[in-house]
Amino acid sequence: MLCNICRSIQFMTSYHNCYCYAFTAVSADSALQNLAKSECLNDDDCKKVLDVGGGDGTIAAILVKEHLHSGVNIFVYNLPASAQLARRNIKNCGCGDQVQVIDGNFMTDNNFPGGPYDAIMFNRV
């Protein structure tokens, strides 16, 4: 049985015809390894990715710097306090041209801002 969040994700992904990756990896390293191998994220047609609850932006920054093609843009969507930290980390990593941060709360917001997306990632959310 799907929880309400999973039902909304399932509806959203089928409605927008995007891919959704949910990882419950124990560590950021194992999540990063799974995401780096993702066929969708490595597809040339994948241009716009939403990282829901993307924390401090570390995974998004490493993905664009080391694993994904240069045409991918990742949007880290997180609570305002975490989003502020993510902005600082992304600036320090020098990947602000491919990683942007969106303030919000996916538990209360009516939709994901800035869509549609080619892929949506949920990692340890």
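**Entry 1: Val64**

I began with Val64, which is buried at a relative accessible area of 7%. I note at the outset that the model is a predicted one. I placed Val64 in helix α3. Setting aside residues up to four places away in sequence, I listed what Val64 touches: Val72, Ile74, Cys95, Gln98 and Val99. I then looked up the spacing between Val64 and one of these partners, Cys95. Their C-alpha atoms are 7.5 Å apart, although their positions lie 31 residues apart along the chain.

**Entry 2: The chain as a whole**

I next turned to the overall layout. I counted four helices and five strands in the chain. Read from the N terminus, the elements follow the order α-β-α-β-α-β-α-β-β. Of the 125 residues in the chain, 39% are buried. The exposed surface of the chain comes to about 7200 Å², and carbon and sulfur atoms supply 51% of it.

I also looked up how contacts are spread along the sequence. Among contacts with a separation of 6 or more, 75% are between residues 24 or more positions apart.

**Entry 3: Confidence**

I asked where in the chain confidence is lowest and where it is highest. The lowest value belongs to helix α1 (residues 4-16), with a mean of 42, and the highest to strand β4 (residues 99-103), with 95. The average pLDDT of the chain is 75, and 65% of the residues score at least 70.

Over residues 1-18 the pLDDT stays under 50, and the model has 16 contacts for this stretch beyond four places in sequence. I remind myself that predicted coordinates should not be read in detail where pLDDT is low. I therefore do not interpret individual positions in such a stretch.

**Entry 4: Strand β2 and its partners**

I then examined strand β2, residues 48-52. Four of its five residues are buried, so the strand is largely enclosed by the rest of the structure.

I asked which strands are joined to β2 by bridges. One is β3 (residues 73-78), which runs parallel to β2 and is joined to it by five bridges. Another is β5 (residues 119-123), also parallel to β2, with four bridges between them. In the pairing with β5, I found Val49 bridged to Ala119.

I also followed the path from β2 to β3. Together with helix α3 (residues 58-67), the two strands make a right-handed β-α-β unit. Helix α3 is the element that holds Val64, with which I began.

**Entry 5: Asp51**

I selected Asp51, a residue of strand β2, and asked whether it is buried or exposed. Its relative accessibility is 3%, under the 20% limit, and Asp51 therefore counts as buried.

Asp51 has a partner in each of two strands. In β3 it stands opposite Val76, and in β5 its bridge partner is Met121. Both of these residues are also in its contact list, which leaves aside neighbours within four places in sequence and reads Ala60, Ile74, Phe75, Val76, Tyr77 and Met121.

**Entry 6: Leu50**

I continued with Leu50, which also lies in strand β2. Leu50 counts as buried, at 0% relative accessibility. Not counting residues up to four places away in sequence, Leu50 touches Phe75, Tyr77, Phe112, Tyr117, Ala119, Ile120 and Met121. I also looked up its distance to Gly115: the two residues are 65 apart in sequence, and their C-alpha atoms are 8.3 Å apart in space.

**Entry 7: Strand β5**

I then asked how many residues of β5 are buried. The count is five of five, and the strand is mostly covered. I recalled that the side chains of a regular strand alternate between the two faces of the sheet. In β5, Ala119, Met121 and Asn123 point one way, while Ile120 and Phe122 point the other way; all are buried.

**Entry 8: Cysteines**

Last, I looked for disulfides and found zero in the structure. Cys93 is in no disulfide, and its nearest cysteine sulfur, that of Cys95, is 5.0 Å away. That distance exceeds the 2.5 Å limit for a disulfide. Cys93 counts as partly exposed, with a relative accessibility of 35%, whereas Cys46, at 2%, counts as buried.

Notes. Residues are numbered from 1 along each chain as its sequence is written. This is a predicted model: local features need pLDDT of at least 70, side-chain atom pairs count only at pLDDT 80 or more; totals for chains, interfaces and linings use all residues. Side-chain values use heavy atoms; hydrogens and water are left out. Buried means under 20% relative accessible area, exposed over 50%, partly exposed in between (1.4 Å probe, protein chains only). Two strands pair if DSSP finds at least two bridges between them. A crossover is right-handed if, with the strands pointing away from the viewer, the path from the first strand over the helix to the second runs clockwise. Contact means heavy atoms within 4.5 Å. Accessible areas come from the Shrake-Rupley method with a 1.4 Å probe; for residues, only the protein chains shown count as cover. pLDDT is the predictor's confidence in each residue, from 0 to 100.
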